[in-house]
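Please open the model in your viewer and keep the selection panel at hand. The stops below go from the whole chain to single residues, with a selection to make at each one.

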Amino acid sequence: MKRLLLSTLFLTISWSASHAQDLSKSYTDIESKVVEWRRDIHQNPELGNREFKTAEKIAKHLKSLGIEVQTGVAHTGVVGLLKGGQPGKVVALRADIDALPVTERNNLPFKSTVTTEFAGEQVGVMHACGHDTHVAILMGVAEVLAKNKQQMKGTVKFVFQPAEEGPPPGEEGGALLMVKEGVMENPKVDAIFGLHINSQTPVGTIRYKAGGIMAAAQSFTIKVKGKQSHGSQPWSGVDPILISAKIIDGLQTIISRESELTNEAAVITVGKIKSGIRFNIIPESAEMIGTIRTLDYDMKDHINRRMKEMVSTIAKAYGGEATCEIREATEITYNEPALVEQMLPTMQRVAGAENVQLQKAITGAEDFSYFQKEAPGFFFFLGGMTPGNTESFPHHTPDFLIDDSGLLLGVKTLTEMSLDYLNN
């Protein structure tokens, strides 16, 4: 056994040495292209399920590399298939491609001036979450791997996914639709990797966590039915606004008194309440909508069950009725611990061990989680903030900014994670 392990180690080192020089030249050649692609995509953003020009740009590039290309996946998604010089496993790499209805507010020479109609309003369109960088990075990875495919065992599947921020109302989209359409099959994916640029993490840094790294997201609608009456005679009616207030208060006790927060974080937020039409009328009904975020499946099940019990019980206690409908948005973004352990040495070699940092879970959500339900996955964060900056702007805001100098590390990391996973 010892001899076998030493032999395997020798082959791994020899393989790494043999391809390191070729990869180094490929990286030198690709950096300026990645920056150029990113800036062009940033200047021409498109909303979810409407990423027509973006998809066309991606498909044209992949075809130019000799990669087998499928378009129109989940409306506007693009999938590329690159077969290596020898048979082996299948690894998928994912980049999301959609922008947001945000008006950009900066002086970048490649600033977006695109506008469109969204939810009945004229809005600006901006890559305010860094998906433009994800696209450019994965296009770069595709070029590097295509040039080095003879050294590669197995297959790489490039998944350019639309509508990560959610499809338009009444439409399906995103990772869930891609999975439904079979993107993780034919050939079946053995593992999937993905990254997300972060505007508040310094360039050159990678952050990761095994297990749940991002939360499951659910939306809920609570409908309260009371009895309308004159505002001066509340005793003659049933006040749905009062009941709503009691429900909102009660829901927070599920988090503060019933959830084991030393295990994982959890959140219930009511984001909107609508009721009534006039100052002196107690209305007949009220409606609330909000979000639930969880990082543990047992906690998620408990919170969902208790919300439904509590909503109806509180309403009944005050003489009314209420229902609670909960809808799925994303699953828990769960990094398979064994896969993280396997790939961590690669990340440390590429970025430097001191630059690969463990992080805590966050209550933001990612539909990359749907791919991870089909195959082991590893999703991590890439630094996009200029080192030494005293101010950085959060994602989904008009001032959001990414430093292009962080993109090459993304290309290197995904490339070498793919090669090491397939070849070793």
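The tour that follows starts with the overall fold and then moves to a core, a sheet and one serine.

Begin with everything displayed as a cartoon, bearing in mind that this is a predicted model. The protein holds nine helices and 18 strands, and its radius of gyration of 24 Å is close to the 22 Å that the globule rule gives for 424 residues, so the protein is as compact as a globular protein of that length. Along the principal axes, the C-alpha trace spans about 85 × 55 × 45 Å. If you colour by accessibility, buried residues should make up 52% of the 424.

Next, select Phe158, Phe160, Phe193 and Phe378, which are the residues with the most contacts inside the largest nonpolar core, a group of 65 residues. Add helix 3, residues 131-147, since the largest share of this core, ten residues, comes from that helix. Then centre on Phe158 and show what surrounds the side chain: among the residues that Phe158 touches are Ile67, Val78, Leu93, Leu138, Val141 and Leu145. Apart from this core lies another, of 24 residues, and you can mark its place by selecting Val238, Ile255, Ala322 and Ile326, which are among its members.

Now turn to an open sheet of four strands, whose order is 12-14-10-15 and whose pairing is antiparallel. Select residues 266-275 and 321-330 to display the edge strands, 12 and 15, each of which pairs on one side only. From one strand to the next, the twist averages 20°. Between the edges, strand 10 (residues 216-225) and strand 14 (residues 285-294) are joined in the antiparallel sense over ten bridges, and if you pick Val224, you will find its bridge partner, Ala286, in strand 14.

With the sheet still shown, add the helices that lie across it. Helix 5, residues 240-258, lies across strands 10, 12, 14 and 15 and runs at about 175° to strand 12, while helix 6, residues 297-317, lies across strands 10, 12, 14 and 15 as well and runs at about 160° to strand 15.

For the last stop, select Ser229, found in strand 11 (residues 229-230). Is Ser229 buried or exposed? The relative accessibility of Ser229 is 9%, so Ser229 counts as buried, the cut-off being under 20%. Show its neighbours, and you will see that Ser229 touches Pro234, Ser236, Gly237, Ile281 and Ile282. Finally, draw a C-alpha to C-alpha distance from Ser229 to Asn280, which are 51 residues apart in sequence and 9.0 Å apart in space.

Technical notes
Residues are numbered from 1 along each chain as its sequence is written. This is a predicted model: local features need pLDDT of at least 70, side-chain atom pairs count only at pLDDT 80 or more; totals for chains, interfaces and linings use all residues. Side-chain values use heavy atoms; hydrogens and water are left out. A nonpolar core is a set of buried Ala, Val, Leu, Ile, Met, Phe, Trp, Tyr and Cys residues joined through side-chain atoms within 4.5 Å. Buried means under 20% relative accessible area, exposed over 50%, partly exposed in between (1.4 Å probe, protein chains only). Helices (H or I, at least four residues) and strands (E, at least two) are DSSP runs, numbered from the N terminus. Contact means heavy atoms within 4.5 Å. Two strands pair if DSSP finds at least two bridges between them. Axes are lines fitted to C-alpha atoms, for helices over the stretch in contact, and angles run from 0 to 180 degrees between N-to-C directions. The radius of gyration is taken over C-alpha atoms; the globule rule is 2.2 Å times the number of residues to the power 0.38. Lists of a residue's contacts leave out its neighbours within four places in sequence.
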